[in-house]
Structure formats: C-alpha cells, structure tokens
Amino acid sequence: MSKSGTRVRAVIHNPLYYSVVRQGSETAEFHECMRCQLPVFASATVDEQDYAVINASCVANPRGFGDPVPAFFGAESVEQRAQRRMHNWCLLTQLTVG
C-alpha cells in the first residue's frame with residue numbers, strides 16, 4: 001500500500017531476521033522478515049530519490065487506505081515502472097538497520 005507524498009521511515013530492529021531480495025526486473029529491493037516469511041516493504045531509487053511501498057499485511061492499522069486493487073505490471077518498461085513509482089509510492093526518508 002502506498003499514498004503518494006507520504007513519508008516512510010523504516011527501522012529494522014533485529015538484523016538477524018532481515019533480508020533484501022531482488023526479483024524479476026531487479027529495479028526494486030524487497031525487504032523481507034525471515035522470521036514471519038513476509039516481504040514487509042519494497043523500495044526503489046528513481047532519480048536519486050528513494051521510494052517505498054508497504055505490504056498491507058504488515059500494517060497494524062491499515063484504515064485510511066482504499067480497498068486493494070489487483071494489478072499486473074509485467075508489461076511495463078523500466079521507464080514506465082520508474083514513473084509509476086515516482087507518482088504512486090511513498091517517499092522513503094530513512095532506512096535504519098540495527
């Protein structure tokens with residue numbers, strides 16, 4: 001889930017359970033919790049700005065966001081993907097591990 005213009009700060013308290021994976025186009029990093037086996041959020045850098053989208057399953061109180069919308073992005077070019085992230089994803093202002 002994301003809301004354009006929202007600022008996100010991610011703090012990884014236990015690096016032993018933290019993993020970063022790249023998949024598919026390798027244009028984003030998936031930040032995963034190895035303890036619960038879930039991708040917690042994904043991040044990407046576009047034009048030197050970091051963006052993130054959060055897995056709604058990992059949010060304690062997801063109210064305020066609309067219902068999930070199924071989407072398929074497999075046909076996007078790398079440029080289209082970057083533009084979508086810039087316009088739709090949250091701003092990742094800080095990522096702290098440990």
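Reader: Leaving aside neighbours within four places in sequence, which residues is A42 in contact with?

Author: Bear in mind that this is a predicted model. A42 lies in strand β4, and it is buried because its relative accessible area is 6%, under the 20% cut-off. With neighbours within four places in sequence left aside, its contacts are E29, F30, H31, Y51, A52, V53 and W89.

Reader: How far apart in space are A42 and L95, C-alpha to C-alpha?

Author: Along the chain, 53 residues separate A42 and L95. In space, going from C-alpha to C-alpha, the separation is 12 Å.

Reader: OK, on to the nonpolar cores. Which strand gives the most to the largest one?

Author: The largest nonpolar core has nine residues: A28, A42, A44, V46, Y51, V53, A82, W89 and L91. Two strands, β4 (38–46) and β5 (49–54), each supply at least two residues of this core. The one that gives the most, with three residues, is β4.

Reader: And how many residues does the second, separate core have?

Author: Among the members of that second core are V8, F41, A52 and L92. It is separate from the core that holds A42 and A44. Its residue count is six.

Reader: Back to A44, then. What is A44 in contact with, leaving aside its neighbours within four places in sequence?

Author: A44 is one of the residues of the largest nonpolar core, and its contacts include Y51 and W89, which belong to that core too. R85 is also on the contact list. The whole set is T27, A28, Q49, D50, Y51, R85 and W89.

Reader: R85 is an arginine, so where does it lie, and which side chain of opposite charge is nearest?

Author: R85 lies in helix α1 (residues 78–88). Not counting residues up to four places away in sequence, it touches T27, A28, A44 and Y51. R85 is buried yet has no salt bridge, because a bridge needs the atoms within 4 Å and the nearest opposite charge is 6.3 Å away. That side chain is E76.

Reader: Which residues are linked with E76 in a network of salt bridges?

Author: One bridge joins R81 to E76, with the closest N and O atoms 3.4 Å apart, and another joins R84 to E76 at 2.8 Å. Both R81 and E76 are buried, and R84 is buried as well. The partners of E76 in this network are R81 and R84.

Reader: How many salt bridges does a search of the whole structure find, and what does R22 pair with?

Author: The search turns up three salt bridges. In the bridge that R22 forms, the closest N and O atoms are 3.6 Å apart. R22 counts as partly exposed because its relative accessibility is 44%, and its partner is partly exposed too, at 28%. That partner is E29.

Reader: Now for the surface. Which residues make the nonpolar patch of about 330 Å²?

Author: Start with L16, whose place is in the loop between β1 (7–12) and β2 (18–21). L16 is exposed because its relative accessible area is 74%, and the cut-off is over 50%. The patch is made by L16, Y17 and M34.

Technical notes: Residues numbered from 1 in each chain as written. Predicted model: local features only at pLDDT ≥ 70, side-chain atom pairs only at ≥ 80, totals over all residues. Heavy atoms only, no water. Patch = residues over 30% accessible without salt bridge, like charges linked within 9 Å, V, L, I, M, F, W, Y side chains within 5 Å. Areas by Shrake-Rupley, 256 points an atom, 1.4 Å probe, with all protein chains shown as cover. Helix = DSSP H or I, 4+ residues; strand = E, 2+ residues; numbered from the N terminus. Buried < 20%, exposed > 50% of the residue type's maximum accessible area, 1.4 Å probe, protein only. Lys, Arg positive; Asp, Glu negative; His and termini not counted. Contact = heavy atoms within 4.5 Å. Core = buried A, V, L, I, M, F, W, Y, C linked by side-chain atoms within 4.5 Å.
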